[in-house]
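Here are my notes for your first look at this one. Keep the 3D view open and click along as you read.

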Amino acid sequence: MNKKKLSFVGVVASAALVVSALLVPSANAANKTVIVWADNTRGPNLQTVLAAKSDWVPGITIKIVTFSGFDALKTAFDNATALTGPDIVVGANDWVPTGAKQGKLAPVTLSSSVRASFTSNNLGDLTYKGVLYGVPLDYNNVGMIYNSKLTGKPLTLGQMVNFYLANKTADKLTAGLCVAGGGMSFGGVSVLSALGGAPYVMTPNGSVSATADPVPAATVAANINKFLLDKKGKSNGFFPATDTGCKTAFLAGTVPYAIIGNWEWTDYAKAGFDMSTLMPVPGVNHGQYGSAFASVSGAMLTVFAAAHGVDQGAKSVLNNFFGSAAGAVAYQNVELRPPANKKAQKDASVTAAQKGFGKSGAMAGIPQIGAILNGATGGKSFWDLLPAFWTDVLVNGKDPLTSAQKLDTFFQANIAAGIPQL
């Protein structure tokens, strides 16, 4: 091997070892090495990609430091200094506000062509107070899959309900639509959205509206009565208030529609389901869809890159490798997550499942904003509120209008308290 052409180095580290591994940052400037920190799954996959093609940025060596786990990576980055820290860190979108406040993340400017490859929500995930800090990599989201042996592609929520009610006896259906991945909050938010509600309303520029009503109670209650309840006000069985048993039932063919996570799609593919059926949950009207959380992971620029004298090289790595369609395709062919890059989503080598989740995220994805969802008021969080809402209206027989008004009040309070933190 010609060592002069080698521009990839793989390093495995733990949080305890990283200090000794990176004690001499001045060496970075000398040999133009850009250090990337990643966890125990992304690190090895990045190594595989870079071993196959090492010249994404001519003259720049990309050095991957792999940690023993996601938590170990986060702890190390929290404790990082200019002496020990990376030039780029691959992490979750909710690291951005903390990293920016701590002064550990640095602003990054993407080329116009790279920016055009991502949705405003993708870029908004890695933005804090109007400043972008990284490149979107892939989605963490759910999508809806349907059993094509039982039914065709649904156009509306009503069409799904009608199919269930008409065929539940003959086909021995135990439910119509259930949540197999993500639980009744992360997975179930798209159903709330399909019914007309949301944890918050996004504006066209990718920010959270401070004035829009997240749960229009009359609309949501009317849709619940129409689609989820029978004439006696009891659940019609279409949408269970729990995710228990959903995956097993869908795989067994007793549920025609299921919400699944992009981290588990291989289970369904191995069972013979057509992954090209992935889509967002249809809304009440044709052409509308229920929004789901579709936040992205990101490759984020750190202030340490400038301290190491490689900030320009690190920015080139972000634009030319992480931000490029070719880089996204090469990486996701190994990582098997849905790429955030819109051009990469169309590549022939990307699987039907990856394309489906990517398309769903682009069509109906909203960012997952912890400052709002976690209950900044000190009251109840979204993660507790939504499952309780499903239980109230579908199990306990509570009035949908009263329950929707209550949910709306909590969501509005959390939005008001959370927006100032963004």
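1. Let's start with the largest pocket. Helix H5 (95–101), helix H7 (120–125), strand E5 (127–128) and helix H19 (370–373) each give at least two residues to its lining. H7 supplies the largest share, with five residues. Keep in mind as you go that this is a predicted model.

2. How many residues line the largest pocket? The number is 27, and Pro-97, Gly-124, Thr-127, Ile-369 and Leu-422 are the ones nearest its centre. The space inside the largest pocket comes to about 640 Å³.

3. Now look for closed-off spaces. There are three cavities of 30 Å³ or more, and the largest cavity holds about 80 Å³ of space. Its lining takes two or more residues from each of strand E7 (134–146), strand E10 (292–301) and helix H18 (352–364). E7 gives the largest share here, four residues.

4. If you want to find the largest cavity on screen, select Val-142, Gly-143, Pro-280, Gly-290 and Ala-292, which lie nearest its centre. In total, 17 residues line the largest cavity.

5. Next, the nonpolar cores. The largest one has 56 residues, and Trp-37, Ile-88, Val-317 and Phe-322 have the most contacts inside it. There is also a second, separate core of 52 residues, including Val-220, Ile-224, Phe-239 and Ala-292. You've already met Ala-292 among the residues nearest the centre of the largest cavity.

6. Helix H11 (residues 217–227) is a nice one to practise on. Its buried residues are Ala-217, Val-220, Ala-221, Asn-223, Ile-224 and Phe-227. Why do they sit on the same side of H11? They span an arc of only 165° around the axis, and that puts them on one side of the helix. As background, an α-helix has 3.6 residues a turn, so residues three or four places apart point the same way.

7. What does that buried side of H11 pack against? Its neighbours are helix H8 (157–167), helix H20 (382–394) and helix H21 (400–418). Turn the view around, and the face of H11 pointing away from the buried side carries the exposed residues Ala-218 and Lys-226.

8. Helix H16 (residues 325–335) is worth a look too. Gly-327, Ala-328, Val-329, Tyr-331, Gln-332 and Glu-335 are buried in it. Their cover includes helix H3 (42–52), E7, helix H15 (311–322), helix H17 (342–345) and H18. E7 and H18 should ring a bell, since both help line the largest cavity. Just after H16 comes Leu-336, with a positive phi of about 65°.

9. Last stop: the cysteines. A search of the whole structure turns up one disulfide, formed by Cys-178 and Cys-246, with their sulfur atoms 1.9 Å apart. Cys-178 sits in strand E8 (residues 177–179) and Cys-246 in helix H12 (residues 246–252), so the pair ties together parts that are 68 residues apart in sequence.

10. Is this disulfide right-handed or left-handed? The torsion about the S-S bond of Cys-178 and Cys-246 is about 75°, so the disulfide is right-handed. And are its cysteines buried or exposed? Buried means under 20% relative accessible area. Cys-178 has a value of 3%, so it counts as buried, and Cys-246, at 3%, is buried as well.

Definitions and conventions. Residues numbered from 1 in each chain as written. Predicted model: local features only at pLDDT ≥ 70, side-chain atom pairs only at ≥ 80, totals over all residues. Heavy atoms only, no water. Buried < 20%, exposed > 50% of the residue type's maximum accessible area, 1.4 Å probe, protein only. Arc of directions from axis to C-beta. Contact = heavy atoms within 4.5 Å. Disulfide = S-S within 2.5 Å. Core = buried A, V, L, I, M, F, W, Y, C linked by side-chain atoms within 4.5 Å. 1 Å grid on protein atoms, 1.4 Å probe; cavity = no way out; pocket = protein on both sides within 12 Å on 5 of 7 lines; lining within 4 Å. Points joined across faces, edges and corners; volume = space filled by probe spheres on them.
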